[in-house]
Amino acid sequence: MTPAPRTSRRTPLPDRVLLTALLWITAAAYLTPLLFMLASSFKTADSVLDPSAGVLPRFSDAAQAIDNYRDVWTDSATDFPTYLRNSLLVAMLSTIGMTVSSAAAAYAFARMRFRGRTALFVLVLATLMIPPTVIIAPQYLLFKQLGWIGTFRPLWVPAWCGGAFSIFLLRQFFLTIPRELDEAAAIDGCSSVGVFWRIILPVARPALVVVALLQFIGSWNDFVGPLVFINQPHMYTVSLGVYMFQSQQGQTPWNLTMAASVIAVVPVLIVFLLAQKAIIDGVATQGLKE
Amino acid sequence: MSIARRRAIVPWLWVAPWLLGFVLFMLIPSMMSLYYSFTDYSLLEPPVGIGLANFAELWRDPLFWKVIRNTLAYASVSVLVGTVLALLVAVLLESHVKGRGAGGVARAIIFLPTLVPLVAAALAWAFMYNPEAGLFNRVLGVMGLPRINWLGDARWAMPSLIIMGFWNIGTAMVVYSAALRDVPRSLYEAADLDGVSRLGRLWHVSIPAISPAILFNVMISIIWSLQVFGAPQIMTEGGPDHSTYVYQLYIYESAFRYGRMGYASAMAWIQLLATLGIAGLTLALSRRLVYYRGAV
């Protein structure tokens, strides 16, 4: 890789200050909606709607903050502890499936020669072009015929078939693994399964982690899937639960709606803080051109 | 089975899960949808073939044309402005001088919104747009400007959704900044020798060099923005006065609210073909504009 082109050598100081200021203003703007959500979740139902009350919560509202989150957590019309469990279950199942089967397909595309390989890989990439929501209605009918409506299966089984972006990302990574490693293992009597298991997967761990994290977040955040496929309240995921909580009859106060939203964001935020660099680097590979 | 035969089968076993998923969850539903588009199907009774009647009805349906106009307006502004914005932020990040670490924090902050669950994002923005206590009107108030009923005014609802979309430029920004980092230094040095200005470097060197990444992102953005659904569903339910009623929302309500699966399927297929057509057209038009290194 060529070293990053930096303008530093030629950028005069005033420009540098300006660029830095611009960058931080942009970052602050992007953080604002999340901070506004958090601040509003600490307020009382009255002060959250009072334009003269100031954007930030008052220190005296500290008890209110705890009350808000407890009200959401123990709300009788919704059941966030259960939604959290549901989301976790669906996200974990689909993460495991997506990682395993995408790795398998990527292994074939990276390491095996077979007729139709290129055409098949183009087909994999072409599915990126198909808007998922276009086929969601007939998918619903299909799942209904399979008897899957009323179960979590529509939300996680398809992930066990892998996904275009994950396959692409893993294949790119597998291609960077030296073939000598495979060949040495094959000489030692390793089958293709053995090479995959003992050589490829351990070496590709960083890429596998990225695929798993992105799938976990994607599954956790999914709104349309649960909206269409899940119709029993005790099976709501967090996303669907927050939506239903907000649209319950009567207007849900904004401070509680924001608290529920914060609950939905926190797990994703934790994952991001733990693996921020891996996730961003993984997303950056989308721009790779063969 | 001969060894040669077995060796020919093995790769297909590895791709079998994907292939199975493609057939079961994409191909079959697409074909079902194609079939239903020629039927009257209320979900309660078996589908009845009605030929092209769904398409004929769509042609005369003013709401159909309305959602097309709304969706195209949303998509074109979102893709154009979103791409420029993502590029500018990426350039800003990459030209950011000192402190790689600080740049990394800014990058992470700007990327973070793309990971926020859509429902939480939509609700946070709905409250930011709140006429009384929302952040936007508070700022307008401080500046002494008249308040705007963002989501409640048919003239402002769609622009509000578009502005909210710019919160999600993170993926494009990350891709562009990675691509910018890959631009060979020799190109910049050649430009320096020619005495090209900073803006000139951006326009004549950086942007052509990363044009494949731009094309890829523009294609993906077009596809995604044409099927916008979650934000209007949660924030405006298509209103007020159908001003944010988008194509995907009409499909969803036709299928699941009015129980008109045939009508919804006809719309879905029109969308699929139109999306592929628009993406193909973009690809064709971009031929002259995209520069592949080594291909010259």
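**A core that draws on two chains**

In this predicted model, the largest nonpolar core contains 157 residues, and those with the most contacts inside it are A:Y107, A:L170, B:V119, B:A122, B:A124, B:M173 and B:Y176. Within chain A, helix 3 (residues 80-111) gives the most to this core, supplying 13 residues.

Let's take one of those well-connected residues and look around it. Leaving aside residues up to four places away in sequence, A:L170 touches A:S102, A:A103 and A:A106, along with A:A204, A:A207 and A:V211.

Now step back to the whole of chain A. You will find 14 helices and zero strands there, so to speak a plain run of α-α-α-α-α-α-α-α-α-α-α-α-α-α along the sequence. Of the contacts in chain A with a separation of 6 or more, 76% join residues 24 or more positions apart. Of its 290 residues, 41% count as buried.

What about the overall dimensions? The C-alpha atoms of chain A fill a box of roughly 75 × 65 × 35 Å along the principal axes. The radius of gyration of chain A is 24 Å, while a compact globule of 290 residues would have one near 19 Å.

Finally, follow chain A to its partner. Here 80 residues of chain A are in contact with 81 residues of chain B. Helix 1 (residues 13-41) of chain A provides the largest share of the side that touches chain B, with 14 residues. By residue type, the side of chain A that touches chain B comprises 55 nonpolar, 21 polar and four charged residues.

Definitions and conventions
Residues numbered from 1 in each chain as written. Chains lettered and ligands numbered in written order. Predicted model: local features only at pLDDT ≥ 70, side-chain atom pairs only at ≥ 80, totals over all residues. Helix = DSSP H or I, 4+ residues; strand = E, 2+ residues; numbered from the N terminus. Rg over C-alpha atoms; globule rule 2.2 N^0.38 Å. Buried ≥ 20, exposed ≤ 12 C-beta atoms within 10 Å, placed from the backbone. Contact = placed C-beta atoms within 7 Å. Core = buried A, V, L, I, M, F, W, Y, C linked by C-beta atoms within 7 Å. Nonpolar A, V, L, I, M, F, W, Y, C, P; charged D, E, K, R; others polar.
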